[in-house]
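User: I am new to this structure and would like to understand how its descriptive terms are justified. Please take me through the reasoning.

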Amino acid sequence: MTIRDAVRLTAPGLYTAAGTDPGALWEALVAGKDTGRPAEFLAGPWPETDTAFLVDDPDAATLGVHRRVLRTSEKQARMALYGARLALAGPGERGPVGGPGWGLYLGLPTVDEELLRFGALDRLHRAAGSPGEVAALFGREVPPFSGLSHLNSTAAAHISAAFGLTGSMAAYSPFSDAGLEALIDGALSVAEGENAAALVGAVSPKAHPLLFAQYEELGWNGAVPGEGAAFLLAERAADGAADGGPAARLAGYGRAFGATEDDRAEAIAQAVHAALEMARTDAGGIGWVLPDAVWSAAGARAQRAALDRVFGALAHRPAECTSERATGVLGPAHPLAHVLLALHGLAGGRRLADGGDGVREEALPAPRALVLACGVRGQVCAVVLEGVGK
Amino acid sequence: MNPLIPNGAEHEVVVTGIGLVAGQLTDPEALFDHIAQGRTLITEHPRHKEWGVPCAVSAHVDPQVRQALEDAAPEEAGPLGPAGVLAWHAAAQAWERSGLPRRLDSERGGVFLACNRMVMEPAELTGLAAHVDYGAGEFDLDGYLDADAGPDPRRHARIQPDTATGSLADYFGAAGVLETRADACAAGGMAIGSAYRYIRSGALDVALAGGAESLTTLTSVAAFYGVGALAPADGKAPAEISRPFDKDRSGFVIGDGAAFLVLESRAHAEARGARILARVAGYAGVTEAVKMTSSSRDGSDYAECIRAALADAGLAPEDIDHINAHATSTQANDTCEAAALHTVFGERAAGIPVTGNKSAMGHSLANSGAAEAVLSVLSLQRQAVLPTLNFTEPDEVTAGLDVVTERRDARVTAVLSNSFGFGGQNCSLILAQAG
């Protein structure tokens with residue numbers, strides 16, 4: 001038995017600026033809905049936009065947790081917890097959730113932060129030059145639980161605690177490839193019998209002034225950041241989607257690495273070919289491509305060249321679409337948001353096609369979708385999803 | 001690459017190289033000998049002491065050693081941050097010792113690195129603070145980026161945890177699977193465990209797996225002090241502060257370092273005539289559901305993890321003859337771990353030598369599990385167990401364990417190495433004699 005036969009991807013849970021489920025995102029994309037919000041912390045002529053795709057910070061009631069959880073988490077962890085809650089709502093209705101057979105696989109961003117509250121920076125500016133005063137300021141002003149909340153793993157801890165997950169786990173960081181690494185390894189853990197079910201998810205960085213500085217220095221092309229979380233369940237095929245929700249097979253996956261800009265297009269093409277081979281299909285068997293929301297010019301060029309290489313010879317290339325115009329760039333969560341869109345489309349036999357001035361909905365000509373993740377360092381993951389119907 | 005679902009023909013996973021940097025020491029044997037002599041890496045941090053930082057002790061990497069490592073990294077390594085430099089040295093050392101060719105150039109090699117996120121330090125923040133309009137609550141990003149004293153344009157590339165992962169994969173030609181793990185203090189062990197699983201399934205032949213951390217900084221110390229995790233000096237000498245399992249333990253001492261292992265399938269290693277140092281016999285990496293700062297005090301969650309690793313290895317508790325404990329020296333963690341050891345090993349717990357390496361080398365967070373795995377390999381090689389420094393008297397829960405206090409020659413055939421992260425990210429590795 002292969003991973004394709006052994007595992008079903010079900011239970012989508014999506015939290016983005018477009019709403020709280022893949023259907024809402026689908027509709028927002030088709031309708032061209034403006035889901036951006038003013039990002040008031042930005043000033044000056046750059047970046048050119050003064051909006052970002054922000055989400056509300058979930059409160060304790062929304063998350064279904066005690067208020068103290070909010071003290072030991074930051075927004076990233078809370079978005080992840082909400083995404084997990086959305087995903088597990090359906091499975092929770094059809095039976096108990098959690099326990100030793102329930103694992104957790106996460107893609108987590110790492111955003112360099114100031115740790116001092118922004119409001120304390122003026123005092124830091126004045127204290128500069130006096131290390132003792134600076135140290136004292138840190139002692140007073142560093143938030144009391146930041147030693148916990150700033151660990152990459154906080155999201156995993158709170159999700160495990162909220163849902164009683166005690167199975168095998170892994171957390172990956174920091175860029176979009178981490179989201180698909182979580183999906184591949186989570187699905188493998190179910191296929192290999194390590195877990196009965198694996199909650200797979202990823203979260204974006206929280207939009208923060210220093211996120212812009214970080215992206216800028218890594219070659220940002222001006223793409224607008226977004227916030228959100230995308231989760232799903234990898235279940236044994238025999239157990240999956242008993243609630244009639246959308247489900248898909250992970251028919252194939254591939255990984256590759258292109259260390260330099262010159263290598264990246266080839267690496268992306270290699271990853272796609274590996275995924276197609278594992279899925280026992282070829283470029284013509286793909287009905288829909290969801291490229292990564294690559295946010296560097298070099299990365300975007302490489303991805304375009306790779307897709308041209310793989311699909312260029314086809315008389316009818318599969319339609320492409322990213323969620324970027326309704327969600328912004330979601331970092332590790334972006335490819336998983338695309339996986340959820342693909343589940344939605346595969347279940348209904350529809351796809352989205354990105355035109356010059358909008359997104360249109362079309363019939364899906366082949367029941368397979370290709371989702372890509374291209375990490376900033378050149379790490380590439382590609383997955384082929386195959387519909388299994390309702 | 002097409003990982004297989006286990007079909008009974010699993011591949012045995014062996015260790016063929018180890019590398020490490022910690023404190024002023026730059027190889028595994030030096031650290032093993034250092035601890036064997038009852039010596040510590042924990043010292044006063046001169047700048048933190050001068051600045052009046054409350055917990056001004058750490059197992060930091062000596063600045064001259066760090067500079068030498070930076071100078072020694074080849075240009076092809078690209079921009080490496082503080083943790084990346086340490087990772088590079090440990091990984092290159094492990095690779096060279098394994099006898100593998102300079103480049104693998106195969107999709108059947110991979111890199112698995114554990115590393116935590118960095119946070120901005122005061123000097124960097126001061127540069128940023130000049131561009132904040134506090135009245136309007138706005139940050140002038142243009143001004144910050146364009147300033148003469150603006151940020152190092154390669155800073156973010158240097159400090160991202162996956163930068164070293166990519167650099168190592170590129171340099172050694174081992175890019176079949178790249179994983180940068182973010183499982184808190186268990187990440188080092190989990191990176192090794194993940195590599196082990198990929199080789200066992202037949203997806204990879206070779207993996208470079210380990211961890212790196214460089215968080216003995218003002219910001220990190222302030223953050224961990226704020227949450228009450230760091231041990232206060234309380235008039236003790238730096239060397240005496242970290243005291244795992246001791247009744248007077250009061251928190252961990254933060255440390256830096258990096259450690260790597262080269263893992264291979266036995267078939268691959270034997271085909272090239274490699275010297276096999278040990279086997280990775282079993283692994284469990286699990287999450288749990290108690291709370292952020294503590295696992296179940298009865299040790300049941302840790303016990304489940306240990307049992308899962310034993311089951312994975314096909315071993316019984318009586319097959320384990322040494323325990324390299326997570327042993328952070330915090331009240332909660334050591335209590336949970338001791339209870340778990342009693343639960344799993346029962347009366348036998350009193351007869352299994354236990355060591356807590358963090359007593360001497362501090363807690364290097366994501367790196368700690370990798371460093372302890374390297375030291376466990378040396379215990380298997382040398383048939384000797386390292387001491388737990390500063391352990392003088394147990395409390396009610398830690399009583400009944402054979403906490404080793406001086407280097408001890410012992411029969412070591414299978415080592416249980418634990419790593420338990422904040423928030424219940426638990427890892428147990430079982431390393432065994434090469435056979």
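**Terms and the values behind them**

Analyst: The model is a predicted one. A starting point is Ile254(B), which touches Ser58(B), Leu215(B), Thr216(B), Ser220(B), Val221(B), Phe224(B), Leu230(B), Gly362(B) and His363(B), leaving aside residues up to four places away in sequence. Ile254(B) belongs to the loop between α10 (218-226) and β9 of chain B.

User: Why is Ile254(B) called buried?

Analyst: The term buried requires 20 or more other C-beta atoms within 10 Å. Ile254(B) has 28 other C-beta atoms within 10 Å, and therefore counts as buried. In addition, its C-alpha atom is separated by 9.1 Å from that of Lys358(B), a residue 104 places away along the chain.

User: What makes Asp105(B) exposed, and what makes Ala327(B) buried?

Analyst: A residue is exposed if 12 or fewer other C-beta atoms lie within 10 Å of its own, and buried if there are 20 or more. Asp105(B) has 11 C-beta neighbours inside 10 Å, so it is exposed. Ala327(B) has 32 C-beta neighbours inside 10 Å, so it is buried. Asp105(B) is placed in the loop between α4 (82-98) and β4 (109-114) of chain B, while Ala327(B) lies in the loop between β11 (322-324) and α13 (331-345) of chain B.

User: What is notable about phi in Asp105(B) and in Ala327(B)?

Analyst: Most residues other than glycine have a negative phi. Asp105(B), which is not a glycine, has a positive phi near 50 degrees. Ala327(B), also not a glycine, has a positive phi of about 40 degrees.

User: Which peptide bond is called cis, and what is its omega?

Analyst: The bond joining Ser173(A) and Pro174(A) is cis, with omega about -5 degrees. Pro174(A) is found in the loop between β6 (169-172) and α10 of chain A.

User: How do you know that strand β1 of chain B pairs with other strands?

Analyst: Two strands pair if there are at least two bridges between them. Strand β1 (residues 13-21) of chain B is joined to β9 (residues 257-265) of chain B by eight bridges, in the antiparallel sense. With β10 (residues 278-287) of chain B, β1(B) has three bridges, again antiparallel. Ile18(B) stands opposite Leu261(B) in β9(B), and Val13(B) stands opposite Val280(B) in β10(B). Strand β1(B) is also mostly covered, with nine of its nine residues buried.

User: Why is chain B said to be as compact as a globular protein of its length?

Analyst: Chain B has 15 helices and 17 strands. Its radius of gyration is 21 Å, close to the 22 Å that the globule rule gives for 435 residues, so chain B is as compact as a globular protein of that length. Of the 435 residues of chain B, 65% count as buried.

User: How many residues of each domain of chain A take part in the contact between them?

Analyst: The domain assignment gives domain 1 (3-115 + 144-236) and domain 2 (248-387) of chain A. The contact takes 53 residues from domain 1 of chain A and 44 from domain 2 of chain A. On the side of domain 1 that touches domain 2, α10(A) gives the most, with nine residues.

User: How many residues bring the two chains into contact?

Analyst: In chain A, 80 residues are in contact with 78 residues of chain B. The side of chain A that touches chain B divides into 45 nonpolar, 25 polar and ten charged residues.

Terms used. Residues are numbered from 1 along each chain as its sequence is written. Chains are lettered from A and ligands numbered from 1 in the order in which they are written. This is a predicted model: local features need pLDDT of at least 70, side-chain atom pairs count only at pLDDT 80 or more; totals for chains, interfaces and linings use all residues. Two residues are in contact if their C-beta atoms, placed from the backbone, lie within 7 Å. Ala, Val, Leu, Ile, Met, Phe, Trp, Tyr, Cys and Pro count as nonpolar, Asp, Glu, Lys and Arg as charged, and the others, Gly among them, as polar. Helices (H or I, at least four residues) and strands (E, at least two) are DSSP runs, numbered from the N terminus. Domain bounds come from an automatic or database domain assignment. The radius of gyration is taken over C-alpha atoms; the globule rule is 2.2 Å times the number of residues to the power 0.38.
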